[in-house]
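Below is a short report on helix packing, burial and unusual backbone angles in one chain. Read it beside the model.

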Amino acid sequence: MRSARFDYHVHETFSSDARDSKVEDYIKVAEKRGIEQIAFTTHEIITGTYSYFGIQLEEVEQYIDNIHRLDETTDVKLLVGLEVDYFSEAQRQIEALLDEYPFDFILGSTHFIGEYDVGSRKDAPAYFGGRSLKEATTDYFRFWIEAVQSGLFDSMAHPDYWRRFLHLVRKEPVLLSEYGLLGDAVDSLVSYDVGIEVNSSGRRHEHGIQYPIRGFLETAYNAGLKKITLGSDSHIPDHLGYWLAGAVDLLKDIGFTHISSFKARKHKSNPIDSLVRTVK
Ligand SMILES: [Zn+2]
Ligand SMILES: [Zn+2]
């Protein structure tokens, strides 16, 4: 099989949607599939109704110690990260958390727009209903740009995750022209030096397309974006590295020449041709 060497979006037991997925089990899969670096990015939802869902502040030290301890047991490089939900009113709190601990990599997410969990089966119909898709995505990307401009994040997770349950309100495929504020969103990445990830969980969702769609990646490439991370968004060990070799092929086809890695929040560019290996 062909594997990408990096997977920078992985949930383990401190995420409440991955309670049984131990770091040890991810290591075993990584060793078998030739994955060299895993960045664990457990959910951190620092405020609001869903804060119970992610890691609690008093658990962060234990989370980090566990990954550091297990890093000693394997040749797979284990990195400590978080997938942090952005909230305008909690910027200071997020900043304090990121300053306090030795994280390697921080993904930014905008799952929640106001009261809506936009990528949920429950809220998607209410969020998208009664207005054009472009209005809804404009609303989404306005908030997303604010997250980028906060300077808190290394890379933005699944940029168009709002597509997840869109099929509940419309059947037609999404057009790039329906992405509100697309140019501004992409420009914000370049000017604030923030990356985006290609997230393969979309290939496992009903619509079957990675996040973001190819047109978004092309727009980002044309705007001069250079930082791209790869993430399977695994919540179970078997999904580790899922379709990420495919993501590398796609990025290469668009023209990208490098894939990002991080250590202690320092960015490194890796030649795209070195990213995929074939394992028996
Ligand atoms: Zn997410
Ligand atoms: Zn995730």
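The expected span of a helix is 1.5 Å times one less than its number of residues. Helices (H or I, at least four residues) and strands (E, at least two) are DSSP runs, numbered from the N terminus. This is a predicted model, in which local features need pLDDT of at least 70 and side-chain atom pairs count only at pLDDT 80 or more, while totals for chains, interfaces and linings use all residues. Residues are numbered from 1 along each chain as its sequence is written, and chains are lettered from A and ligands numbered from 1 in the order in which they are written.

**Helix α5**

Helix α5 covers residues 133–149, 17 residues in total. From first C-alpha to last, α5 reaches 24 Å, close to the 24 Å expected at 1.5 Å a residue. Its buried residues are Leu-133, Ala-136, Thr-137, Tyr-140, Phe-141, Trp-144, Ala-147 and Val-148. A residue is buried if 20 or more other C-beta atoms lie within 10 Å of its own, exposed if 12 or fewer, and partly exposed in between, with C-beta atoms placed from the backbone. The buried residues of α5 lie on the same side of the helix because they cover an arc of only 120° around the axis. The arc is that of the directions from the helix axis to the C-beta atoms. They pack against β5 (105–109), β6 (112–113), α4 (124–128), β8 (155–156) and α6 (182–192). Two residues are in contact if their C-beta atoms, placed from the backbone, lie within 7 Å.

**Helix α8**

In α8 (244–254), the buried residues are Leu-244, Ala-245, Ala-247, Val-248 and Leu-251. They share one side of α8, because their arc around the axis is only 155°.

**Helices α1 and α2**

Helix α1 (residues 23–33) packs on helix α2 (residues 60–71) at an angle of about 35°, and their axes are 10 Å apart. Axes are lines fitted to C-alpha atoms, for helices over the stretch in contact, and angles run from 0 to 180 degrees between N-to-C directions. Val-23, Glu-24 and Ile-27 of α1 meet Asn-66, Ile-67 and Leu-70 of α2.

**Positive phi values**

Four residues with positive phi are set out here.

| Residue | Phi | Place |
|---|---|---|
| Gly-151 | about 70° | just after α5 |
| Asp-233 | about 55° | loop between β10 and α8 |
| Trp-243 | near 55° | loop between β10 and α8 |
| Gly-255 | near 130° | following α8 |

Asp-233 is not a glycine. Neither is Trp-243. Is Asp-233 buried or exposed? Asp-233 is buried, with 24 other C-beta atoms within 10 Å. Trp-243 is buried too, with 21 other C-beta atoms within 10 Å.

**A cis peptide**

Tyr-211 and Pro-212 are joined by a cis peptide bond, with omega about -5°. Pro-212 sits in the loop between β9 (195–199) and α7 (214–222).

**Ile-196**

Strand β9 holds Ile-196. Ile-196 counts as buried because it has 27 C-beta neighbours inside 10 Å. Which residues does Ile-196 contact, leaving aside its neighbours within four places in sequence? They are Ser-155, Met-156, Pro-159, Leu-189, Ala-220 and Ile-228. Gly-48 is 148 residues from Ile-196 in sequence, and the two are 25 Å apart in space, C-alpha to C-alpha.
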